[in-house]
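Good morning, everyone, and thank you for making room for me today. I would like to walk slowly through one protein model, pausing wherever a term may be new to someone in the room.

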Amino acid sequence: MSALLQVHGLTKRFGGLVANDGVDLHVREREIVGLIGPNGAGKTTFFNCVTGQLRIDAGRVVFAGDDLTNRPPEVVARAGIARTFQIVKVFKEMTVLDNVMVGAFLRELRATPARGRALSALELVGLAAQAGTRAGDLPVALQKRLELARAVATGPRLIVLDEALSGLTPAETQEALAVVRALRERGIALLVVEHVMEVIMTVSDRVVVLDRGKRIAEGPPETIAHDAKVIEAYLGA
Ligand SMILES: Nc1ncnc2c1ncn2[C@@H]1O[C@H](COP(=O)(O)OP(=O)(O)O)[C@@H](O)[C@H]1O
Ligand SMILES: [Mg+2]
């Protein structure tokens with residue numbers, strides 16, 4: 001069976017800088033794939049190219065059999081890919097519930113079903129008790145959780161997380177990992193970007209490593225953790 005997401009030879013240049021250089025990556029149905037690499041490796045650029053925020057210079061993005069190469073973000077979202085942002089982007093003046101309803105309106109035309117969909121997304125990420133809170137009043141760790149609920153409410157088959165697990169306390173990290181696993185139980189695949197290796201190693205089925213725009217390694221976490229090229233890329237950084 002072919003993978004849910006297939007990215008072939010993705011290349012993105014910023015002037016003379018090749019931020020992504022012929023990157024191949026795939027994610028299977030219900031798989032958790034970690035994308036790691038030192039700061040500046042090109043992880044966020046890769047995300048933005050896959051989710052339609054940036055146009056790519058070469059390569060192909062295929063999702064569930066549809067060619068999404070250089071399609072705009074709303075087409076990508078409707079096809080079933082949802083994302084979070086490295087710097088959280090919540091609607092601060094709106095309630096937690098209203099924020100998540102924004103995501104739900106991708107699939108629902110009316111407020112009542114959108115509210116129901118949003119509430120179940122909040123339950124799934126453990127934020128139901130904060131539904132009426134102004135989003136800007138949540139601590140950052142919970143704003144990240146809110147972004148995840150908004151992504152879930154769009155009814156995705158794949159969620160891409162950019163540093164959603166960074167900057168959390170050990171207890172918050174454990175909670176976030178439990179949420180990631182719960183999403184997979186719901187049949188959602190995940191592509192998780194982190195520069196902190198430890199976290200990704202515990203949750204990923206498979207890990208892909210980027211360094212200076214190139215894919216330098218791919219494999220199960222235990223193999224990647226001992227890969228000489230990977231260790232050098234991290235120590236070099
Ligand atoms: N919009 C942009 N314009 C120019 N250079 C960029 C832009 N976005 C990212 N870069 C550069 O591309 C490289 C990869 O950045 P990024 O994808 O943010 O890396 P990572 O997320 O792995 O830390 C870096 O050298 C960064 O400075
Ligand atoms: Mg980044």
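Let me begin with the residues around the largest pocket, whose lining, sorted by class, consists of 10 nonpolar, 4 polar and 5 charged residues. Please keep in mind from the outset that what you see is a predicted model. The pocket itself has a volume of about 400 Å³, and of the 19 residues that line it, those closest to the centre are Ala 77, Arg 83, Phe 85, Arg 150 and Thr 154. Which helices and strands each supply at least two residues of this lining? They are helix α2, at residues 73–79, strand β6, at 81–83, helix α3, at 96–104, and helix α5, at 140–153, and the largest share, 4 residues, belongs to α2.

From the pocket I would like to turn to the enclosed spaces. A general point first: when a probe the size of a water molecule is rolled over the atoms, the places where empty space is left become visible. Searching the whole structure in this way gives 2 cavities of 30 Å³ or more. The largest cavity holds about 110 Å³ of space, and among the 13 residues lining it, Ala 141, Arg 145, Ala 164, Leu 168 and Ala 176 lie nearest its centre. Two or more residues of that lining come from α5 and likewise from α6, which spans 170–185, with α6 giving the largest share, 5 residues. By class, this lining has 9 nonpolar and 4 charged residues, and no polar ones.

The second largest cavity contains about 30 Å³ of space, and the residues around it are Thr 84, Phe 85, Val 88, Lys 144, Glu 147, Asp 162 and Ala 164. Of these, 3 are nonpolar, 1 is polar and 3 are charged.

One residue on that list deserves a closer look, namely Glu 147, which sits in helix α5. Is Glu 147 buried or exposed? Its relative accessibility is 2%, and since a residue under 20% is called buried, Glu 147 counts as buried. If we set aside the neighbours within four places in sequence, Glu 147 is in contact with Thr 84, Phe 85, Val 88, Lys 89 and Val 90; you may recall that Thr 84, Phe 85 and Val 88 also appear in the lining of the second largest cavity.

Next, the sheets. As a reminder, strands of a sheet pair through backbone hydrogen bonds, and the pairing may be parallel or antiparallel. One open sheet here has 6 strands, in the order β6-β7-β8-β3-β9-β10, and its pairing is mixed. Strands β6 and β10, the latter at 214–219, stand at the edges with a single partner strand each, so one side of each has no neighbour in the sheet. On average, and ignoring direction, neighbouring strands in this sheet are turned by 20° against each other. Within the sheet, β7, at residues 158–162, pairs with β8, at residues 189–194, in the parallel sense over 5 bridges, and Asp 162 has Val 193 in β8 as its bridge partner.

Two helices that pack on this sheet are worth finding on the screen. Helix α1 touches β3, β6, β7, β8 and β9, and its direction makes about 145° with that of β8, while helix α6 touches β3, β7 and β8, its direction making about 155° with that of β8.

The other sheet I want to show is open as well, with 4 strands in the order β2-β1-β4-β5 and antiparallel pairing. Its edge strands are β2, at 17–27, and β5, at 66–67, and each has a single partner strand, so that one side of each is left without a neighbour in the sheet. Strand β4, at residues 58–63, pairs with β5 in the antiparallel sense over 2 bridges, and Val 62 stands opposite Asp 67 in β5.

Helix α1 returns at this point, since α1, at residues 43–50, also lies across β1, β2 and β4, running at about 115° to β1. How many of the 8 residues of α1 are buried? The count is 7, which leaves the helix mostly covered, and the buried residues include Phe 46, Phe 47 and Val 50. Just after α1, Gly 52 takes a positive phi of about 85°.

Technical notes:
Residues numbered from 1 in each chain as written. Chains lettered and ligands numbered in written order. Predicted model: local features only at pLDDT ≥ 70, side-chain atom pairs only at ≥ 80, totals over all residues. Heavy atoms only, no water. Pairing = 2+ DSSP bridges. Contact = heavy atoms within 4.5 Å. Axes fitted to C-alpha atoms, helices over the stretch in contact; angles between N-to-C directions. 1 Å grid on protein atoms, 1.4 Å probe; cavity = no way out; pocket = protein on both sides within 12 Å on 5 of 7 lines; lining within 4 Å. Points joined across faces, edges and corners; volume = space filled by probe spheres on them. Nonpolar A, V, L, I, M, F, W, Y, C, P; charged D, E, K, R; others polar. Buried < 20%, exposed > 50% of the residue type's maximum accessible area, 1.4 Å probe, protein only.
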